[in-house]
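Colleague: I'm new to reading structures, and I'd like a close look at one part rather than a quick tour. Could you pick a sheet, walk me along it strand by strand, and then show me what lies around it?

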Amino acid sequence: MAWLTRDGLDRLVEVLRERGYRVVGPTVRDGAIVLDELSSARELPAGWGVEVGPGHYRLRRRADDAVFAHSAGSQSWKRFLHPSRAKLWSAERDEAGFRVSTEEPEPVRYAFLGVRGCDLAAIGVLDRVLDHGGRYHDRRAGIFIVAVNCTEPGGVCFCASMGCGPGVGAGHDLALTERADGFVVEIGSERGAEVLAAVPTRPAAPDQVEAARAAVDAAADRMGRAMPAADLPDVLTASRESDHWTDVASRCLMCANCTMVCPTCFCTTTEDVTDLTGDHAQRWERWASCFELDYSYIHGGEVRTSGASRYRQWLTHKLGTWHDQFGTSGCVGCGRCIAWCPAGIDLTAEMAALVEQRKGAGDDHRDDTAPG
Amino acid sequence: MTTATTPRRAEADPWLPLPYYVAANHTETPDTATLVLRPESEPIRPFLPGQFTMLYVFGVGEIPISVSGDPEADDGALVHTIRGVGAVSRALRHAEPGTAVGVRGPFGTAWDLDGPAGSDLVLVAGGIGLAPLRPALLHALRHRRRYGRIVLIAGARAPAELLFTDELAALSARDDIELAVTVDRPGAGWIGGVGLVTEPLAALRLTPERTTALLCGPEPMMRFCASTLLDKRVPPARIQVSLERNMKCGIGLCGHCQLGPLLTCRDGPVVPYPVAAPLLEVREL
């Protein structure tokens, strides 16, 4: 473990930029903490924290000048790994019919600075879903990840109950734990070691390492929420016909915010566009949402017309059938869908209601078969 | 139509349509045509019966269509039977010979025709559902001795909506295949069966343990057929259905085709009935 000062963090950003990385990290803009390209560590949100609740997000001034002491904002790293809009190809009409071509600019080499446990897990989920070679692979391959162990969970956070935080898991190049006067740094890869060697550090003292670890451990107990400890895929399969979906749908606006802010929601649609001459066509891939009515359209009508069926699809996929499809949960406990839901719908509460309802159903069943 | 890509990933891009052209367009019914496509250069990989491709019409769009041709045809022809119900399918249904189209695929699971030698095959098709079953039927006829009985039950709303009528006529003359054709609304001169496909299916005397059933058509039709077969004690796992959902990518990346745990483009379209049954029972799943 190494000890990095605040000046050392500035130097780390410089070193990454010197190596051709575009450094992306949290910064304050428009009353929120967003992810954007940083020209220096001075652009990090020093002294800013956030106050988060269902349907609620506000910046707040902190008493210190910590740069990573804020929980997730509306954006996630998905924005860079799986852009909201990407051109797949273009086609030009020609004498043989048409000609399809792709132009594939070298993918941008990003360094992600400040990736929390939840979001590092989310990148792992996206890798499982989308990394089959191709564009995602090309974008992903060159990315340098500076992760951050979380010591400041927010009011909607529940990564501890999802097993994704507050400490970061595998998959980073460097991992920082922020302390009042600097950072404990852990090396996660050879590439990370090589970059860190170019930054002035000193070995971290055992008490610094211990204090950092204790701060991360303590964060696990300060999560605003927890996902119920139950076999969620089982509960969801058993709850397909539950009346609770109608209850959620009476509150849900079908706005799709939850899917847009979710760091793992990966669904896209394709859009074919032509110009006015009709000789030039393009196909674009853009984010889509299972809350959109035409998401499930087949000739004759949409499969999921009711709000209840669309919320059921989202929650059941996220916490249940994702396991069948990709061998992991689709939820990492970042809490974004709770904060950015205009109706303040909280998936941990909805899941808890379903778990309770199943317990009730189990009791009913026992009653039915009980003698007398 | 030609394709140009950067050499870095010339072959591997599953998003990129390969250039084909319409070699022939046979009208099947007023709204349905069988298109024979030929590659401009490289063909797609060989397909298995039951698989689908994504067909692209320049400037209109792309849709999933099951292959309806002979899986062992060696003339390079790729055959699809398309009912015009939306912008792309109508453009394909009316595509003149020579029209360039793009093809991606083949994608998805295939009919399992590898049951024990001597298995009886029962194919039940509703409407356009005959198209995805046709490659399975052609395969079985080509390897006729590998199978026991072959039964084909084809239903349509009206006689004018029946597909592959010349082929059905030729099949009815064969004594090694049992054919039942039925329509909901018979017109003047119709001498075939009248009613739902479940009726001739219910009338079959089957040896259930050696029966493999392939069902393709509207979901209620497949559920009722499966229920009829289960009543006859056909093992559930020997019943297969072909499912339809919205598909944008064909390769499990876009999410649209989900049906419960299934990504229909990857885990389907052909699904064993025990997997499909509990999913089809739930409205709007």
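Modeller: What follows is a walk through one sheet of chain A, then its surroundings, and then the sheet of chain B. Keep in mind that this is a predicted model.

Let's begin with the sheet in chain A. It is an open sheet built from eight strands, and if you step across it you meet them in the order 3-2-8-9-10-11-1-12, with mixed pairing. At the edges stand strand 3 (32-37) and strand 12 (202-203) of chain A; each has a single partner strand, so one side of each is left without a neighbour in the sheet. A bit of background helps here: strands of a sheet pair through backbone hydrogen bonds, and they can do that either parallel or antiparallel.

Now zoom in on strand 1 of chain A, residues 2-5. On one side, strand 1 pairs with strand 11 (residues 182-187) of chain A in the antiparallel sense, over four bridges. You can find two of the pairs yourself: A:Leu4 has A:Phe183 as its bridge partner in strand 11, and A:Trp3 stands opposite A:Val184 in strand 11 of chain A. Strand 1 also runs antiparallel to strand 12 of chain A, and two bridges join them. A:Trp3 turns up again here, standing opposite A:Arg202 in strand 12.

So where do the side chains of strand 1 go? In a regular strand, side chains alternate between the two faces of the sheet. Strand 1 of chain A shows this nicely: A:Ala2 and A:Leu4 point to one face and are buried, while A:Trp3 and A:Thr5 point to the other face and are not buried.

Next, look at what packs on this sheet, starting again from the pairing of strand 1 with strand 11 of chain A, which is antiparallel. Helix 6 (residues 190-197) of chain A packs on the sheet and touches strand 1, strand 9, strand 10 (174-179) and strand 11; its direction makes about 140° with that of strand 11 of chain A. Going back to the edges of the sheet, strand 3 and strand 12 of chain A, there is another helix to find. Helix 3 (residues 117-130) of chain A packs on the sheet too, touching strand 8 (110-116) and strand 9 (144-149), and its direction makes about 125° with that of strand 8 of chain A.

For a contrast with those buried side chains, try A:Arg60, which is found in strand 5 (residues 56-61) of chain A. Buried or exposed? A:Arg60 counts as exposed, because it has 10 C-beta neighbours inside 10 Å, and the cut-off for exposed is 12 or fewer. Leaving aside its neighbours within four places in sequence, A:Arg60 is in contact with A:Gly49, A:Val50 and A:Glu51. Then look across to A:Arg93: its C-alpha atom and that of A:Arg60 are separated by 55 Å, though the two residues are 33 residues apart along the chain.

Where does chain A meet its partner? The contact takes 41 residues from chain A and 37 residues from chain B. On the chain A side, strand 6 (85-94), strand 7 (97-101), strand 13 (268-274), strand 15 (297-298) and helix 11 (307-326) each supply at least two residues. By class, that side of chain A has 15 nonpolar, 18 polar and eight charged residues.

Finally, hop over to chain B. Here seven strands form an open sheet in the order 11-10-9-8-12-13-16, and the pairing is mixed. Strand 11 (193-194) and strand 16 (270-272) of chain B are at the edges with a single partner strand each, so one side of each is left without a neighbour in the sheet. Strand 8 (residues 120-126) and strand 9 (residues 150-156) of chain B pair in the parallel sense over six bridges, and B:Leu123 has B:Leu152 in strand 9 as its bridge partner. Helix 2 (residues 130-142) of chain B packs on this sheet, touching strand 8, strand 9, strand 12 (211-216) and strand 13 (239-242), with its direction at about 155° to that of strand 8 of chain B.

Carry on from strand 9 of chain B to strand 10 (residues 178-183) of chain B: these pair in the parallel sense over six bridges, and B:Ala156 stands opposite B:Val183 in strand 10. Together with helix 3 (residues 165-172) of chain B, strand 9 and strand 10 make a right-handed β-α-β unit.

Terms used:
Residues numbered from 1 in each chain as written. Chains lettered and ligands numbered in written order. Predicted model: local features only at pLDDT ≥ 70, side-chain atom pairs only at ≥ 80, totals over all residues. Buried ≥ 20, exposed ≤ 12 C-beta atoms within 10 Å, placed from the backbone. Contact = placed C-beta atoms within 7 Å. Pairing = 2+ DSSP bridges. Axes fitted to C-alpha atoms, helices over the stretch in contact; angles between N-to-C directions. Nonpolar A, V, L, I, M, F, W, Y, C, P; charged D, E, K, R; others polar. Right-handed = clockwise from strand over helix to strand, strands pointing away.
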